[in-house]
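User: I should like to understand how the terms used for this structure are justified. Please explain each one by setting the value against its definition.

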Amino acid sequence: MNSPSASTTTSGRVAQEAERRRTFAVISHPDAGKSTLTEALALHAKMISEAGAIHGKSGRKSTVSDWMEMEKARGISVSSTALQFEYGDCVINLVDTPGHSDFSEDTYRVLTAVDAAVMLIDAAKGLEPQTLKLFQVCRHRGIPVITVINKWDRPGRAPLELLDEISERIGLIPTPLFLPVGIAGDFRGLLRRGEDGAAAEYIHFIRTAGGATIAPEEMFTPEQALEREGEPWETAAEESELLSATGQDHDQEMFLAGQTSPVIYASAMLNFGVRELLDTLVALAPAPGPRADIAGTEREPAEPFSAVVFKVQAGMDAAHRDRLAFMRIVSGEFERGMVVTHAQTGRPFATKYALTVFGRERATVDTAYPGDVVGLVNATALGPGHTLYVDKKVEFPPIPSFAPEHFATLRARSAGKYKQFRKAIDQLDSEGVVQVLRNDLRGDASPVLAAVGPMQFEVVTARMQAEFNVETQLDFLPYQLARRTDSESRAELDRQRGVEVFTRSDGAILALFSDKWRLQYIQKEMPELTLELLVAATD
Ligand SMILES: Nc1nc2c(ncn2[C@@H]2O[C@H](COP(=O)(O)OP(=O)(O)OP(=O)(O)O)[C@@H](O)[C@H]2O)c(=O)[nH]1
Ligand SMILES: [Mg+2]
């Protein structure tokens, strides 16, 4: 036999597998169409045969990634959902995130686990506040962004005006790969931009009933396109040249450096532009690279197995009440059943049950590689930000928790339910659904919940009821902000009016203040007290 070549050794295989992975998050302000696009991508990858197939009863109202009862009822995503599929030679790991700012902590955790982001912009609304904030997070973390201008099937703004808004408001240079033929509301197809902005091809879309299946495409040369579409084609071609004149052509290095963003115009609902997005992800989005550990040492994908947990979730549906920890593999080859070490406790963890999850569907995973998102069943000790590894110890930086701004006490309505209530609180706490604060004065029967946004409380009470059968009473507390303090400052702070001190379940000591004036007064009068800022949702 020949001596083993690079491709037959484990690290050679891992490097090859990593190279064909694309791991990204779909982000935006609420309602721009993330879940609809996620479903359209799954449809194109033939994971599902029809959009709305899984929750199809109520038409297009709920998509495969919106499985929670509350999500279906409101038509919004309250939690992120990971899916994996093969597309051509690539393995795509996609995470659909919730857009609502109340759940921004969940979205932020996802952004610590991906290599790229697809940022959606509603063609009629333009750049919205939450999209802007999420983009800042991407910039801060050095995550390259691909922009999708969605809902082009509906009346909206002019294509170049939307691009100007991106460059003016976030300083990101948009470099369209495709331009729409037809104004918003009259989406006929896409012009593919070639060298120096010259029109390379016309992709004409054919509508399908309700956008439920892949929209067939017809390709034309620029000459044929002009003959077919006339003025709308001419406009698109002119716009393309105009963009080149201002240097808005794709540049791979600038894209990876977070200075430019390739743009695609699309309609997630009609499945227009979705194949183009997939092909762009495959061609341009980065494959998994090294990740710095807490000491700043880079862990290369071909090194032995390591992973970060970015999300923990239980009660995903009535049939599976177990707790899943989602890890993103950073390096090495994962084999189901392997025993790994949990860096936070130093304990071994047996990975007997490993899954990919898609909406309500689950499939066992036997092997996985860098970039893959894998769910581990009943991983009780694992929490967001934790590290798993084999061989030499590695630990990745923790995920900071956000500064809470809403506070309420929670208790079971019936004293007889106390045991379930305690269990439920611990569960939701370890998932990071809310932060749980305690002090001696209030006791354990009515802990204080701290949230970035009040909708997190609704998730808690809804899940308490649905998963633990506990009816709860929520009472808002008159506090507006929190600071991290220490045991030395605790007693003095507790004596102050409008202040209450708590211990968070991770051990952090938090002082809550009735308002910012109270905080400012105390900082001025007692500068010796420790009062540190927590990470804000916009950092
Ligand atoms: N006309 C049109 N409607 C769309 C398109 N994409 C999404 N929608 C609709 O916009 C609404 C919101 O879509 P979702 O996919 O739930 O939006 P989202 O970004 O996931 O929202 P959150 O998860 O709450 O942040 C739904 O009613 C969709 O049917 C599109 O391309 N065209
Ligand atoms: Mg959604």
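User: What is the bridge partner of Leu437 in E29?

Analyst: In this predicted model, Leu437 has Arg504 of E29 as its bridge partner.

User: What makes E25 and strand E29 a pair?

Analyst: Two strands count as paired if at least two bridges are found between them. E25 and strand E29 (residues 499-504) have two bridges, in the antiparallel sense, so the criterion of at least two is met.

User: Which strands of the sheet that contains E25 are called edge strands, and why?

Analyst: The sheet is open and has seven strands in the order E27-E24-E26-E25-E29-E30-E28, with antiparallel pairing. Strand E27 (472-476) and strand E28 (481-485) are its edge strands, as each pairs on one side only. Neighbouring strands of this sheet are turned by 40° against each other on average, direction ignored.

User: What is the order of the strands in the sheet of eight?

Analyst: The eight strands form an open, antiparallel sheet in the order E18-E17-E23-E14-E15-E22-E19-E20. Its edge strands are strand E18 (347-350) and strand E20 (361-364), each paired on one side only.

User: How do you know that strand E17 and strand E23 pair?

Analyst: Strand E17 (residues 339-342) and strand E23 (residues 387-389) are joined by two bridges in the antiparallel sense. The definition asks for at least two, so they pair. His342 has Leu388 as its bridge partner in E23.

User: Why is strand E2 described as largely enclosed?

Analyst: A residue is buried when its relative accessible area is under 20%. Five of the seven residues of strand E2 (residues 81-87) are buried, so the strand is largely enclosed by the rest of the structure. E2 also pairs with strand E3 (residues 90-96) over seven antiparallel bridges, with Ala82 opposite Val95. In their hairpin, two residues lie between the strands, and Gly88 takes a positive phi near 60°.

User: Why is the largest pocket said to lie between two domains?

Analyst: Domain 2 (299-389) and domain 3 (406-525) both contribute residues to its lining, so the pocket lies between them. The lining has 30 residues, and those nearest the centre are Arg109, Pro384, Ile399, Ser401 and Asp506. Helix H4 (104-111), helix H11 (418-431) and strand E25 (435-438) each supply at least two lining residues. By class, the lining has eleven nonpolar, eleven polar and eight charged residues. The space in this pocket is about 680 Å³.

Terms used. Residues numbered from 1 in each chain as written. Chains lettered and ligands numbered in written order. Predicted model: local features only at pLDDT ≥ 70, side-chain atom pairs only at ≥ 80, totals over all residues. Heavy atoms only, no water. 1 Å grid on protein atoms, 1.4 Å probe; cavity = no way out; pocket = protein on both sides within 12 Å on 5 of 7 lines; lining within 4 Å. Points joined across faces, edges and corners; volume = space filled by probe spheres on them. Helix = DSSP H or I, 4+ residues; strand = E, 2+ residues; numbered from the N terminus. Nonpolar A, V, L, I, M, F, W, Y, C, P; charged D, E, K, R; others polar. Domains from an automatic or database assignment. Axes fitted to C-alpha atoms, helices over the stretch in contact; angles between N-to-C directions. Buried < 20%, exposed > 50% of the residue type's maximum accessible area, 1.4 Å probe, protein only.
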